[in-house]
Amino acid sequence: MLLGAGGCRGFAVSVDPSLHRDRLILWPVYTTERDRSTGEREVTALASAFGWHREPARARSSLRLVPAFWYRSARAGQDLRLASTWYPSLLRLVREEAGARAAVVEIYDHVALGEVARWSGYTSSHLFPVWWQRSRPGFWSAHLWPLYGRSVAEGGLDEHHVAWPFFGVGRQASEGRGWFRAAWPLAGARWGPGWRRAWAFPLVWHARRPDGSGHTVVGPLARWGRRGAEEHTLFFPLHYQRRCHGSGGRLGGAPPSWDTFSAAGLYGAHGDARGGWRYVAPLAAASWREGSEGAAVRKFWSLPYTRLERPGSVRHALLAGLARLRLRTIRPGDSGPAFRADLLGGVARWQEGPRGQHLHLLPLALSRHDGPRETDVVLPVFFRYRDRDAAVSLWHLWPLYGRTEWATRRTRSWAWPLFSVTDDRADASYRSVHVLRPLAHSFRQGRTRLSYVFPIWWDRHRPGSREQVLFPLWFRFEDRHAGRGTRYLFPLGLYRREGPVRRLSPLWPLSGLAWQPGRGDWHEAWLLAGLARDERHGERRRSWVLPFFYRRSAPREGRTIAFPLWASARDASRGRAFRWLVPLYLGQERGTSRRDHLLWPLGLSVHRRGADPSYYRVRLLGALAEATGSRGGRHRSHVFPLWWSERTRGYGSHLFLPIFSWSRAAHHDRRAWTLWPVLGRSVSATSSAWSLAPPLVRWKRRAGPSGAWRLDLAGPLAGLAQSGERSSHRLLPVAWYHGTPRRGQAAFLPLYWREWRDPDRPGGSERLMVFPWYRGQRPFGWHRWGVFPLVEREEGPGHQRWWYLGWLGRASRSGDRLHHRLFPLYSWASAGARGRFSALPLVWLRWGKGRHDLWLAGPLLHDRLRGEGRRRTELLWHLAERRSRHGGAVEWRVLYRLFRHRSGGGSLEQELMPLYEVERGTSGDLYLAVGKVLFSYERTGAERSVRLLHFLRFAWQG
């Protein structure tokens with residue numbers, strides 16, 4: 001029952017015995033729902049911010065307090081989320097039978113900033129985007145992105161990644177495989193048993209397979225490859241060659257070797273022992289081939305005339321592409337045409353042969369007779385097709401008539417798109433008719449019937465069911481197997497049948513009648529009056545005269561409503577009762593523990609608890625006046641906002657605003673009263689106080705030998721206090737003093753401030769400021785003073801510091817360490833044999849222990865000495881540089897590596913890109929290259945080699 005008027009708006013109680021569910025709603029404060037049959041219960045509060053759910057049958061429960069936490073437990077484990085609205089969650093802990101997982105800042109399931117997990121031998125952890133670790137039986141992987149990563153697995157797999165994905169190396173020891181990459185995907189290599197691949201994108205690619213085949217590519221200019229017995233070489237655009245060795249070959253029974261050569265696309269040749277061709281593009285070409293019977297075939301053509309001669313056939317083509325005639329001799333097994341004539345390059349064609357005839361005049365007409373298949377087309381008027389093997393025949397004279405026949409003896413006649421009729425000569429009951437498809441359709445087969453005229457009529461009848469629709473007036477649905485049916489005549493009535501239950505609703509939905517033989521019957525007349533009886537659930541009855549009266553009764557419960565004056569509800573099984581007389585009276589009972597009575601419009605409410613008969617609560621005008629109490633307990637009363645009274649054992653308080661207040665606490669022996677705004681008095685076992693015109697003047701004195709006292713004027717603004725040797729004076733915000741001779745603070749703002757902590761003793765300190773000129777500090781053996789903002793000095797054990805011009809200039813000294821700075825012009829620091837000096841932006845110098853690092857005029861000159869003979873001097877960064885290394889090696893570079901010269905220890909390296917390159921070793925080995933790939937000479941021991949264009953190589957023994 002939901003009550004939505006007067007003071008009960010938002011309150012609902014629902015009891016459904018047939019479903020065994022109870023509901024209580026006091027939205028948005030509290031809602032609860034319980035299933036008595038399963039024990040399942042759910043509680044929500046604060047507009048669903050708090051929730052609790054329990055399912056005993058499935059051993060599952062959950063608890064939430066949005067957005068603080070979520071908690072869920074079940075047989076499989078537990079799930080706890082903190083600072084969560086489910087997603088995202090600041091912290092999530094998951095525990096199941098197979099393992100557990102913890103996630104930090106989880107945005108979605110398994111999507112988290114950090115995570116640690118372990119499940120059945122599987123472990124995982126990550127901290128996005130820096131750390132990532134995975135392990136399972138036989139496999140382990142960890143990455144510290146982007147610096148280093150490693151993966152190890154069974155079978156000898158070991159992978160290393162450095163600055164991923166730029167550099168990596170890996171191997172598979174059990175299979176003899178490995179890989180390497182640098183600046184991926186620009187360069188890399190892979191290898192295995194008998195095969196390898198390497199690349200340096202986009203210039204070089206090399207591959208070799210276990211069968212000896214492979215290829216090498218250098219940019220778009222050169223390529224070499226081999227696959228099986230085939231080799232090919234390309235030097236673009238001058239040379240191309242392809243050769244095949246061994247048996248077979250590309251031309252079936254041709255000899256086993258052939259080659260192809262092209263010179264810049266102008267001349268080409270291809271051939272073997274049985275035939276070939278040559279051409280000079282685009283003027284002329286010739287070809288030859290030995291036939292299977294030894295007869296030679298010769299072709300020669302030059303634009304625009306072509307002639308071909310061959311034993312058994314004659315072909316002439318005049319003004320090539322316009323007209324062509326071909327005659328040939330038919331041999332056993334041939335399937336091609338014996339006569340063929342083409343006009344306009346094949347637009348019109350007539351040919352005859354062993355398999356049939358073919359005539360077409362594109363795009364208008366086509367006639368083709370090919371064995372059992374026949375096709376005749378004259379677009380767009382006539383179409384005919386016949387296939388004797390598939391027993392299919394189709395012809396169409398558009399747009400008048402068409403007919404199709406299948407092997408199943410089914411035929412279809414149609415005049416598209418007006419209608420079509422399909423019959424089955426093997427099944428006399430089959431017929432399908434379409435009219436203006438898909439608007440109207442009629443179908444029958446056996447006892448099945450279907451017809452519809454969209455969107456007005458629908459009728460389908462099958463054994464055991466029937467559907468009829470005359471939209472929108474008549475609807476009929478019958479299912480005899482399930483014993484269900486519905487008939488609807490709009491807007492007069494509705495009839496339904498579900499097994500033995502019958503329902504009739506004349507003038508639906510205004511009235512209704514339902515019955516079931518032997519199980520009771522009931523009547524309903526919505527908006528008017530009705531009486532209901534149901535013997536299946538005992539003596540349960542309902543009666544109503546709407547909208548004035550409603551009554552429902554059962555053996556242990558009942559409800560009565562007389563709209564809008566009277567309502568009552570009773571549930572004896574739960575000990576609840578409710579009575580309501582609008583708008584004067586409301587009474588509620590909950591078992592024997594609670595009774596409530598409310599009387600409107602006075603706002604009088606009386607509440608008692610059966611568990612404590614002496615307890616009472618009386619309210620008048622809502623919460624303006626209230627009195628509560630119980631025997632031997634606390635009693636409270638108030639009339640808002642004037643009167644307040646509360647008393648209990650040993651405690652009492654009375655307040656009559658804004659004139660008088662009185663309180664007493666026996667266990668503290670404290671009493672206080674105030675007559676506002678004239679006088680106030682408080683007394684306790686340890687102190688006493690008087691207030692004059694509270695809170696302007698207050699005097700307080702503590703009992704005992706200390707004799708401490710305190711005087712406050714104008715509240716906290718001014719006052720005096722004394723307690724032993726401690727004294728305090730204040731006149732806010734101008735001056736204050738608080739402390740003892742050993743420790744305290746004093747100020748006279750805005751000019752003077754002082755703080756001390758026994759500065760004459762070890763560990764003491766003192767700070768003094770006279771604004772804005774002077775400040776000094778002397779804590780723990782060091783002191784600091786200054787004249788703001790010009791200079792400031794700090795001195796302590798073993799060090800001194802100066803600041804001048806605010807913080808622009810600074811100087812310090814600590815032992816042998818000196819430091820000077822004038823921001824942003826220069827800086828100088830030294831410590832023994834080390835130091836640095838800078839005069840920005842011109843000079844930077846750093847030295848120490850036989851080494852130095854000098855920058856002059858920014859990147860103009862850089863000189864770095866690292867000791868042990870190592871030195872590097874640069875001009876304009878990489879414009880020109882000189883390097884010297886340990887052992888006397890010297891290297892010169894200009895424009896980084898445009899010119900490079902390196903010598904030392906009897907070796908020499910020199911390079912002028914891209915003109916030449918020279919390398920000479922200490923053992924007399926020599927390498928000389930001109931133009932990188934144009935010419936190179938190499939001498940290694942007794943071996944000599946010369947390369948031309950990088951592809952032609954000549955080698956000999958010296």
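This is a short tour of a predicted model, stop by stop, for you to follow in your viewer.

**The whole chain**

Start with everything shown as a cartoon. The protein has 102 strands and zero helices. Now switch on the surface: its accessible area comes to about 61,400 Å², and carbon and sulfur atoms account for 63% of that. Of the 958 residues, 27% are buried. Before zooming in, consider how contacts are spread along the sequence. Among those between residues at least 6 apart, 1% join residues at least 24 apart.

**First stop: residues 187-208**

Select residues 187-192, which are strand E20, together with residues 195-200, strand E21. The two strands are antiparallel and are paired over six bridges. Two residues separate E20 from E21 in this hairpin. Click on Gly194 in the turn, where phi is positive, at about 80 degrees.

Next, add residues 204-208 to your selection; they form strand E22, joined to E21 by five bridges, again in the antiparallel sense. Three residues link E21 to E22, and this connection is a hairpin too.

Now show the side chain of Arg196. Which residue of E22 is the bridge partner of Arg196? Look for Arg208. Across from Arg196 of E21 you will also find Trp191.

**Second stop: residues 427-453**

Move along to strand E45, residues 427-435, and strand E46, residues 440-445. These pair in the antiparallel sense, with five bridges between them. Their hairpin has four residues between the strands, and Leu436 in the turn has a positive phi of about 50 degrees.

Extend the selection to residues 448-453, strand E47, which runs antiparallel to E46 and is joined to it by six bridges. The hairpin here has two residues between E46 and E47, with Gly446 in the turn at a positive phi of about 65 degrees.

Put three arginines on display at this stop. Arg431 faces Arg444 in E46, and Arg444 in turn stands opposite Arg449 in E47.

**Last stop: a nonpolar core**

Finish by selecting Ile561, Ala567, Ala569, Phe578, Trp580 and Leu586 and showing their side chains. Together these six residues make up the largest nonpolar core. Which strands each supply at least two residues of this core? Colour strand E60 (566-571) and strand E61 (576-581) to see the two that do.

Terms used. Residues are numbered from 1 along each chain as its sequence is written. This is a predicted model: local features need pLDDT of at least 70, side-chain atom pairs count only at pLDDT 80 or more; totals for chains, interfaces and linings use all residues. Side-chain values use heavy atoms; hydrogens and water are left out. Two strands pair if DSSP finds at least two bridges between them. A nonpolar core is a set of buried Ala, Val, Leu, Ile, Met, Phe, Trp, Tyr and Cys residues joined through side-chain atoms within 4.5 Å. Buried means under 20% relative accessible area, exposed over 50%, partly exposed in between (1.4 Å probe, protein chains only). Contact means heavy atoms within 4.5 Å. Accessible areas come from the Shrake-Rupley method with a 1.4 Å probe; for residues, only the protein chains shown count as cover.
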